[in-house]
Amino acid sequence: MEQNTEQSLLEWRVDYDGGNILKETTRWARFVSIVSFIGLGICIIVFLVFLAAGDAIWGYYTRLFPALEAFRAAFILLCLIFLGVFTWVVVLLYRFATLTRKGIDTQDQNLFNQGLRAGKTYFLLSAILAIIGLLFSLRNLF
Amino acid sequence: MEEQNQLDNFFNISLDSEARTHLKQMTQWARICAIVAFIGYAVSLAVAIFGTRQISDAESSGFSFGIYLRTGSIIGVLITITVGGILNYFLYRFSVDAAKGLESMDTVKLNEGLGGLRTYFKIVGILTIIILGFVALAIIFVMLSAGFSSR
């Protein structure tokens, strides 16, 4: 009985509907990741302009909010961390989309599994970011 | 012929133990994402209605439009909750249905779950297109206003 279950578990295959749904999922996920890459590029350009224009832009904002002056280095570090994490999330989404799709198209089980692994890590990272976001929201409540 | 090949392709991909483990963990983290998002929406609504920090910050800076700020904030949060609620409902459906399908080896249930994930990414994609449209409009507006101001 147990052997039968083990056997059927080993032979559980993606059916036609499941394959189609996964293909469509990966198509949209790929679109979202490509647009996110473009957004990331814009963020990096803005950040570089900010660094290049440095004192002029920073001076303008510190006149508006004098408290910012003390946090210049921390602000730049935060921007870098944000860009790094955002890049990592988008790369994971892109890997999920392309590897899963390629795995189905080329019947490559290894690629398919790699794609699912990237998807798992994408949701793991998203959950951690969501929890951090929730903590910041809670901070605003009090 | 090509369709037949595609059919064959699907049948050659199996949900082996590694794939099942990854999918299972994906559903667990997706569930956490969705639940945290729902809690976050409730907190945001509470902050918008009862929160005093932003309003008092604005008023201490010399602005006296607290009531407008609060109303605007509540409307913004309600829109966010509606869109985000729908989005995360599908993510939650994916996490629950796919996990059930994996546990009971029920292909139909698993496909229902994957359908939820497909809808989730579809909505994210459509929202991305809308945001891109707004960004394009903003860029055009900035370029036009820069052009007018240089005359």
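What share of the 151 residues in chain B is buried? In this predicted model, the answer is 36%. A good way to get to know chain B is through its secondary structure, which consists of five helices and zero strands. Following the sequence from start to end, the pattern reads α-α-α-α-α. Contacts within chain B also reach across the sequence: among those with a separation of 6 or more, 67% join residues 24 or more positions apart. The accessible surface of chain B amounts to about 8,800 Å², and carbon and sulfur atoms contribute 67% of that area.

Turning to chain A, a helpful residue to look at is Ser36(A), which sits in helix α2 of that chain, spanning residues 16–53. Is Ser36(A) buried or exposed? Its relative accessible area is 17%, and because buried means under 20%, Ser36(A) counts as buried. Apart from neighbours within four places in sequence, the residues in contact with Ser36(A) are Phe86(A) and Val90(A).

Further along chain A, helix α4 (residues 72–105) packs against helix α5 (residues 109–141). Their axes lie 7 Å apart, at an angle of about 150 degrees. Since angles over 145 degrees count as roughly antiparallel, α4(A) is described as roughly antiparallel to α5(A). The crossing of this pair is left-handed. By class, the contact between α4(A) and α5(A) comprises 15 nonpolar, six polar and two charged residues. On the α4(A) side, the participants include Trp88(A), Leu92(A), Phe96(A) and Leu99(A), along with Arg95(A) and Lys102(A). On the α5(A) side, they include Leu111(A), Phe112(A), Tyr122(A) and Leu125(A), as well as Gly115(A) and Gly119(A).

Helix α5(A) also takes part in a pairing between chains. How do the axes of α5(A) and helix α2 of chain B cross? The axis of α5(A) and that of α2(B), a helix covering residues 17–50, come within 8 Å and cross at roughly 20 degrees. Angles under 35 degrees count as roughly parallel, so α5(A) and α2(B) are roughly parallel to each other. This crossing, too, is left-handed. The contact of α5(A) with α2(B) involves 22 nonpolar residues, together with nine polar and three charged ones.

Taken together, α5(A) can be followed through two packing arrangements: roughly antiparallel with α4(A) in its own chain, and roughly parallel with α2(B) in the partner chain.

Key. Residues are numbered from 1 along each chain as its sequence is written. Chains are lettered from A and ligands numbered from 1 in the order in which they are written. This is a predicted model: local features need pLDDT of at least 70, side-chain atom pairs count only at pLDDT 80 or more; totals for chains, interfaces and linings use all residues. Side-chain values use heavy atoms; hydrogens and water are left out. Helices (H or I, at least four residues) and strands (E, at least two) are DSSP runs, numbered from the N terminus. Buried means under 20% relative accessible area, exposed over 50%, partly exposed in between (1.4 Å probe, protein chains only). Contact means heavy atoms within 4.5 Å. Accessible areas come from the Shrake-Rupley method with a 1.4 Å probe; for residues, only the protein chains shown count as cover. Axes are lines fitted to C-alpha atoms, for helices over the stretch in contact, and angles run from 0 to 180 degrees between N-to-C directions. Angles under 35 degrees count as roughly parallel, over 145 as roughly antiparallel, 65 to 115 as roughly perpendicular and the rest as oblique. A crossing is left-handed if the near helix is turned anticlockwise from the far one by less than a right angle, and right-handed if clockwise. Ala, Val, Leu, Ile, Met, Phe, Trp, Tyr, Cys and Pro count as nonpolar, Asp, Glu, Lys and Arg as charged, and the others, Gly among them, as polar.
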